[in-house]
Each structure stands twice: as structure tokens, then as C-alpha cells.
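Subject: Structure for your review

Dear colleague,

Please find below the structure that I am handing over to you, together with its sequence. My notes on what was found in it follow.

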Amino acid sequence: MAIRKSSKLSQKAVLKQILKRCSSLGKKNGYDDDDGLPLDVPKGHFAVYVGENRSRYIVPISFLNHPEFQCLLRRAEEEFGFDHEMGITIPCEEEVFRSLTSMLG
């Protein structure tokens, strides 16, 4: 279940867009003014929002290489797009997300 090439963007372009979006939210409180990264997110990780309550999870960038996680990102793009203020929102239940990430990590 790898991200298939869409008519809009290649997989590489989508991943670059995701990483850029994750690191370009530095204009708000809680973000480092020098590099624009969230102060509570360790290097090599990024934040996603999951579930009905939009709970925040910090996940390693290495998850981007896993087909299962790529499938979640494709669903996120289809449902929400990547151009919104809150960051990447994953459209699945928290329990399912925690189960998947525990298998990947």
C-alpha cells in the first residue's frame, strides 16, 4: 500500500510537502524562532493530529517510509489536504493509530 503517484504530485513531492509543512509552522508560540520547529518535538520527529478530538502525537520521520503510514497520509490528503493551520490531521480512530504506530516503532 505505498503512496501511488497521483495526477497532482509524485510521492517524493508529497513527502517533501509534508516535511516542509511540519517544519514551517514556526510563527506561533511554542516554536523556535530560529529554525521554526516546535520546541516539544525532538529532532527527527513530527507532530500529527489524530481522531475525533484531534489528539496530538509525535512520530518519527522514519514512519514516512512505511507503506501503512503512507496509506494514512494519502487518506489525510484526500480528506483534509495539507494546506491548513493545524498541521497534519490523520483521519482514523486514535486506538487504530496507536496500534499501527506500535507495530511500526
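**Contacts, rings and core**

Apart from its neighbours within four places in sequence, Phe-69 is in contact with Phe-46, Val-59, Phe-63, Leu-64, Phe-97 and Leu-104. Please keep in mind that this is a predicted model. Phe-69 has a relative accessibility of 0% and therefore counts as buried, the cut-off being under 20%.

Several of these contacts involve aromatic rings, and the search for ring pairs covered the whole structure, finding 4 aromatic pairs. In one of them, the ring centres of Tyr-57 and Phe-97 are 5.2 Å apart and the planes meet at 55 degrees, so this pair is classed as tilted. It joins distant parts of the chain, since Tyr-57 belongs to strand E2 (residues 55–60) and Phe-97 to helix H3 (residues 94–104), 40 residues apart. Both partners are buried: Tyr-57 has a relative accessibility of 18%, and Phe-97 has a relative accessible area of 1%.

Phe-97 also forms a tilted pair with Phe-69, with 6.4 Å from centre to centre and 55 degrees between the planes. Here too, distant parts of the chain are linked: Phe-69 lies in helix H2 (residues 67–80) and Phe-97 in helix H3, 28 residues apart. Through ring pairs, Phe-46, Tyr-57, Phe-63, Phe-69 and Phe-97 are connected into a cluster.

Turning to the nonpolar core, in soluble globular proteins nonpolar side chains tend to be buried together. The largest nonpolar core of this model has 18 residues, and the members that touch the most others are Val-48, Phe-69, Ile-90 and Phe-97. At least two core residues come from each of strand E1 (45–50), E2, H2, strand E3 (88–90) and H3. The largest share, 4 residues, is supplied by H2.

Finally, which residues of H3 are buried? They are Phe-97, Leu-100, Thr-101 and Leu-104. These residues span an arc of only 95 degrees around the axis, and therefore lie on the same side of H3. They pack against E1, E2, H2 and E3. On the face of H3 turned away from this buried side are the exposed residues Glu-95, Ser-102 and Met-103.

When you view the model, I suggest beginning with Phe-97, a member of the ring cluster and one of the buried residues of H3.

Yours sincerely,
Your colleague

Note on methods
Residues numbered from 1 in each chain as written. Predicted model: local features only at pLDDT ≥ 70, side-chain atom pairs only at ≥ 80, totals over all residues. Heavy atoms only, no water. Phe/Tyr/Trp six-rings, centres within 6.5 Å; stacked < 30°, edge-to-face > 60°. Buried < 20%, exposed > 50% of the residue type's maximum accessible area, 1.4 Å probe, protein only. Core = buried A, V, L, I, M, F, W, Y, C linked by side-chain atoms within 4.5 Å. Contact = heavy atoms within 4.5 Å. Arc of directions from axis to C-beta.
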